[in-house]
Number of protein chains: 2
Amino acid sequence: MRQMTIGQLSKAGGVKVTTIRYYESIGLMGEPDRSESGQRLYGDDAVHRLSFIRHARDLGFPMNAVRELMKLQTEPGSDCSAVDVIAREHLNDVRKRLSQLEALESELKRMISSCEGGEVGECRVMAALNDHSDCIAETHERVTAL
Amino acid sequence: MRQMTIGQLSKAGGVKVTTIRYYESIGLMGEPDRSESGQRLYGDDAVHRLSFIRHARDLGFPMNAVRELMKLQTEPGSDCSAVDVIAREHLNDVRKRLSQLEALESELKRMISSCEGGEVGECRVMAALNDHSDCIAETHERVTAL
DNA sequence: CCTACAGTCTACAGCGACTGTAGGGGCAAG
DNA sequence: CTTGCCCCTACAGTCGCTGTAGACTGTAGG
């Protein structure tokens, strides 16, 4: 199998067809050869690039980071520290979100466990949502992405 | 201060002016009175509604859930268990994301700590991204939102 | 050969929850 | 009157895709 279609690449790389086309449209995948009728044809290198992207995405790297990592990879001899910086930044990000989510979890748990049924009027969960004070999650930093 | 402008409401509720207008546009805030010149004018009840929304959002509830919670609140006498269900679902969601992020964190940590500098060619981080096996985060469930 | 059906193509709209921009009008103080 | 901030509408952009519409292609069976 020298050249494969986008569907075959999709299976080989574990990425949906539409997503591959999307990656191409944002310049992550590069334009492939085309058959006479205009269908995309990929070689084995495409599978590598695709898995690289998927691995990075699975690890939660944002697209920009993936882009940079790919650039670094194609510049052989470039310093590993650049990669390290990107990875560490991402790790920081992940840890930040982790602690936000942990705070959220304990707050939700507390709210739910303090509620003993009955009508909404006496519901502790509702009370917590209505009450202006008494809120641990009052960080003013909204929990955002990932 | 019987009636306040959107800017004053914004400060009172800790929500940006644009966001308040957005909430209005999606039907969460209801259309306020207007001054002769067309400026929005809010009463104290608006502050309550806005803080309710903000608290729910701070706790990570998605908009749909916020909408339902608000509906439940305005039906006095409705059963608290509906609130409970929404909150528990959200808690489950939070816990799911927590465990995904935890997996991510340890994977990233492992990757970074195994890298000892040098060129990209020998970089462990890059190796991990290139290698098809050897990947804990290979869950095929991408880490998504929040 | 014909038909069915799966796969592929382009182009564009939609998701969530906002944020930013452009281009204007209003309002109080100096 | 002018400065400067606030307010208005309407729409585009963010991120990372996913879904839709409508047309074409490739393949397997009859």
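# Exercises on a predicted protein–DNA model

At 22% relative accessibility, Leu41(A) counts as partly exposed; buried means under 20% relative accessible area, exposed over 50%, and partly exposed in between (1.4 Å probe, protein chains only). This is a predicted model: local features need pLDDT of at least 70, side-chain atom pairs count only at pLDDT 80 or more, and totals for chains, interfaces and linings use all residues. Residues are numbered from 1 along each chain as its sequence is written, chains are lettered from A and ligands numbered from 1 in the order in which they are written, and side-chain values use heavy atoms, with hydrogens and water left out.

## Exercise 1. Place Leu41(A)

Task: find the element that holds Leu41(A), then list its contacts beyond four places in sequence.

Solution.
- Step 1. Leu41(A) sits in strand S2 (residues 40-41) of chain A. Helices (H or I, at least four residues) and strands (E, at least two) are DSSP runs, numbered from the N terminus.
- Step 2. Set aside neighbours within four places. Leu41(A) then contacts Gln3(A), Met4(A), Pro32(A), Asp33(A), Arg34(A) and Ser35(A). Contact means heavy atoms within 4.5 Å.
- Step 3. Take Gln3(A). It is 38 residues from Leu41(A) along the chain, yet the two C-alpha atoms are separated by 5.7 Å.

## Exercise 2. Outline chain A

Task: how many helices and strands does chain A have, and in which order do they run?

Solution.
- Step 1. Count the elements: chain A has 6 helices and 2 strands.
- Step 2. Read from the N terminus. The order is α-α-β-β-α-α-α-α.
- Step 3. Check burial. Of the 146 residues in chain A, 44% are buried.
- Step 4. Check contact range. Among contacts in chain A with a separation of 6 or more, 50% join residues 24 or more positions apart.

## Exercise 3. Describe the surface near DNA strand C

Task: which residues lie closest to DNA strand C, and which polar contacts reach its phosphate oxygens?

Solution.
- Step 1. Define near: a heavy atom of the residue lies within 4 Å of the molecule or strand. By this rule, 17 residues surround DNA strand C; the closest are Thr5(A), Gly7(A), Arg21(A), Arg40(A) and Arg57(B).
- Step 2. Look at the DNA side. Sugar or phosphate holds 88% of the atoms of DNA strand C within 4 Å of the protein, and bases hold the rest.
- Step 3. Find polar contacts (pairs of N or O atoms within 3.5 Å; within protein, one must be able to donate a hydrogen and the other to accept it, and residues adjacent in sequence count only if both atoms are side-chain atoms). A backbone N or O atom of Gly7(A) is 2.7 Å from a phosphate oxygen of DNA strand C. Polar side-chain atoms also reach phosphate oxygens of this strand: Arg34(A) at 3.1 Å and Ser37(B) at 3.2 Å.
- Step 4. Assign elements. Helix H1 (6-13) of chain A and helix H2 (17-25) of chain B each supply at least two residues. H2(B) gives the largest share, 3 residues.
- Step 5. Sort by class. The surface near DNA strand C has 5 nonpolar, 6 polar and 6 charged residues. Ala, Val, Leu, Ile, Met, Phe, Trp, Tyr, Cys and Pro count as nonpolar, Asp, Glu, Lys and Arg as charged, and the others, Gly among them, as polar.

## Exercise 4. Repeat for DNA strand D

Task: how many residues surround DNA strand D, and which element gives the largest share of the surface near it?

Solution.
- Step 1. 18 residues surround DNA strand D; the closest are Thr19(A), Ser37(A), Arg57(A), Gly7(B) and Arg21(B).
- Step 2. Sugar and phosphate make up 88% of the atoms of DNA strand D within 4 Å of the protein.
- Step 3. Phosphate oxygens of DNA strand D lie 2.7 Å from a polar backbone atom of Gly7(B), 2.8 Å from a polar side-chain atom of Thr5(B) and 3.1 Å from a polar backbone atom of Met63(A).
- Step 4. Helix H2 (17-25) of chain A and helix H1 (6-13) of chain B give two or more residues each. The largest share, 3 residues, comes from H2(A).
- Step 5. The classes are 5 nonpolar, 7 polar and 6 charged.
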